[in-house]
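User: I've got this one open in my viewer and I'd like to go through the labels one at a time. Can you back up each one with its value and the rule behind it?

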Amino acid sequence: MNGITETVVRTLLGLIFLLIFTKVFGKKQLGELTYFNYATSIAFGNIVGEMIIHYREVPISNGLVAVLIWSFALLAIEFLVKRSPKSKLALEGEPCIVIKKGMIMQQALDKLNLGLDDLCMLLRNQEIFSITEVDYAIFEPNGQLSIKKKKTPDAAPSHFLPSELIVDGIVMQGNLREYGLTEEWIQKKLQNAGISSYKSVFFAQLQEDGTLYIAQKNNEKPLII
């Protein structure tokens, strides 16, 4: 196989691998990607690029092995992240409250290595030019800022920021601690709804008024208790 023919073959193979990669791993929009997703996508592109361009130094068999190993490793990580909250936290990070009830959380900013100028820029990107307009601001793992504005004076007061308490049968301990809640409190809520175990709950979210939205795994009508 001469150089031009091999380049054509490698290029077509690289295109096929990229199409498969984007089909399997590219369901998220660019703005939804975490830093880990973004870095792994770039690394995969580099592997394919090396296989295409450096055909003299990199045998095509080596390139295929590298692509396959990388793909299977990413699939394993995706599976692990979906099944284990601790793995998801370690690899993708977790949302972090940077403004709470109108107050800037300085320790949270330090932990994120986020300056006040960066915070103000993120607020301006959402057309908020004064921190006094913000009730809660959450820095997401993908680098975006989610904002809950303050209510008007005549609006009903809110006691909690809507937060996930159970995801796919697993209790989110960090969110419980944030609001001073306990597993006994959740268990009582579930018992009032006729649910005996966390494992049968697909999603439970704390609401502003302290009620609990519950969606069970059997696709029954959601409950608010």
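User: What makes Ile4, Val8 and Leu12 a nonpolar patch on the surface?

Analyst: Keep in mind that this is a predicted model. A patch takes residues with over 30% relative accessible area and no salt bridge, and nonpolar side chains are joined within 5 Å. Ile4, Val8 and Leu12 come out as such a patch, with about 310 Å² of accessible area together. Leucine 12 sits in helix α1, which covers residues 3–25. As background, an α-helix has 3.6 residues a turn, so residues three or four places apart point the same way.

User: Next, helix α3. How do you know that its length is close to what's expected?

Analyst: The expected span is 1.5 Å times one less than the number of residues. Helix α3 runs over residues 60–83, which is 24 residues, and the expected figure is 34 Å. From first C-alpha to last, α3 reaches 35 Å, so the label "close" rests on 35 Å against 34 Å.

User: Which residues of α3 are buried?

Analyst: Gly63, Val67, Ser71, Leu74 and Val81. Each is called buried because its relative accessible area is under 20%.

User: Why is phenylalanine 72 called exposed?

Analyst: Phenylalanine 72 is also in α3, but its relative accessibility is 57%. The cut-off for exposed is over 50%, so phenylalanine 72 qualifies at 57%. As for where it sits relative to leucine 114, the two are 42 residues apart along the chain, and their C-alpha atoms are separated by 34 Å.

User: And why is isoleucine 60 called partly exposed?

Analyst: Isoleucine 60 belongs to α3 too, and its value is 29%. Buried needs under 20% and exposed needs over 50%, so 29% puts isoleucine 60 in between. Its C-alpha is 9.0 Å from that of glutamate 6, with their positions 54 residues apart in sequence.

User: On to the strands. What makes β2 and β4 edge strands?

Analyst: The sheet is open, with four strands in the order β2-β1-β3-β4 and antiparallel pairing. β2 and β4 (145–149) each have a single partner strand, so one side of each is left without a neighbour in the sheet.

User: How do you know that β1 pairs with β3 and with β2?

Analyst: Pairing needs at least two bridges. β1 (residues 96–100) has four bridges to β3 (residues 134–139) and two to β2 (residues 103–104), so both count as pairs. Isoleucine 99 shows this on both sides: opposite it stand alanine 137 in β3 and isoleucine 104 in β2. The β1–β2 hairpin has two residues between the strands, and lysine 101 there takes a positive phi near 50°. Over on the other side, β3 and β4 pair over five bridges, with isoleucine 138 opposite serine 146.

User: What makes β1 mostly covered?

Analyst: Four of its five residues are buried.

User: Why is serine 163 called buried?

Analyst: Its relative accessible area is 7%, and the cut-off is under 20%, so serine 163 is buried. Serine 163 lies in β5 (residues 163–167).

User: What makes its link to tyrosine 179 a polar contact?

Analyst: The side chains of serine 163 and tyrosine 179 are joined at 3.1 Å. The limit is within 3.5 Å for a pair of N or O atoms, one able to donate a hydrogen and the other to accept it, so 3.1 Å is inside the limit.

User: Which strands are at the edges of the five-stranded sheet?

Analyst: That open, antiparallel sheet has the order β6-β5-β7-β8-β9. β6 (170–171) and β9 (223–224) are the edges, since each pairs on one side only.

User: Why is β8 said to be largely enclosed?

Analyst: Four of the five residues of β8 are buried, so it is largely enclosed by the rest of the structure. β8 pairs with β7 (residues 201–206) over five bridges and with β9 over two. Isoleucine 214 has alanine 204 as a bridge partner and stands opposite leucine 223 in β9.

Methods: Residues are numbered from 1 along each chain as its sequence is written. This is a predicted model: local features need pLDDT of at least 70, side-chain atom pairs count only at pLDDT 80 or more; totals for chains, interfaces and linings use all residues. Side-chain values use heavy atoms; hydrogens and water are left out. Patches are made of residues with over 30% relative accessible area and no salt bridge: like charges are joined within 9 Å, nonpolar side chains (Val, Leu, Ile, Met, Phe, Trp, Tyr) within 5 Å. Accessible areas come from the Shrake-Rupley method with a 1.4 Å probe; for residues, only the protein chains shown count as cover. A salt bridge is a side-chain nitrogen of Lys or Arg within 4 Å of a carboxyl oxygen of Asp or Glu. Buried means under 20% relative accessible area, exposed over 50%, partly exposed in between (1.4 Å probe, protein chains only).
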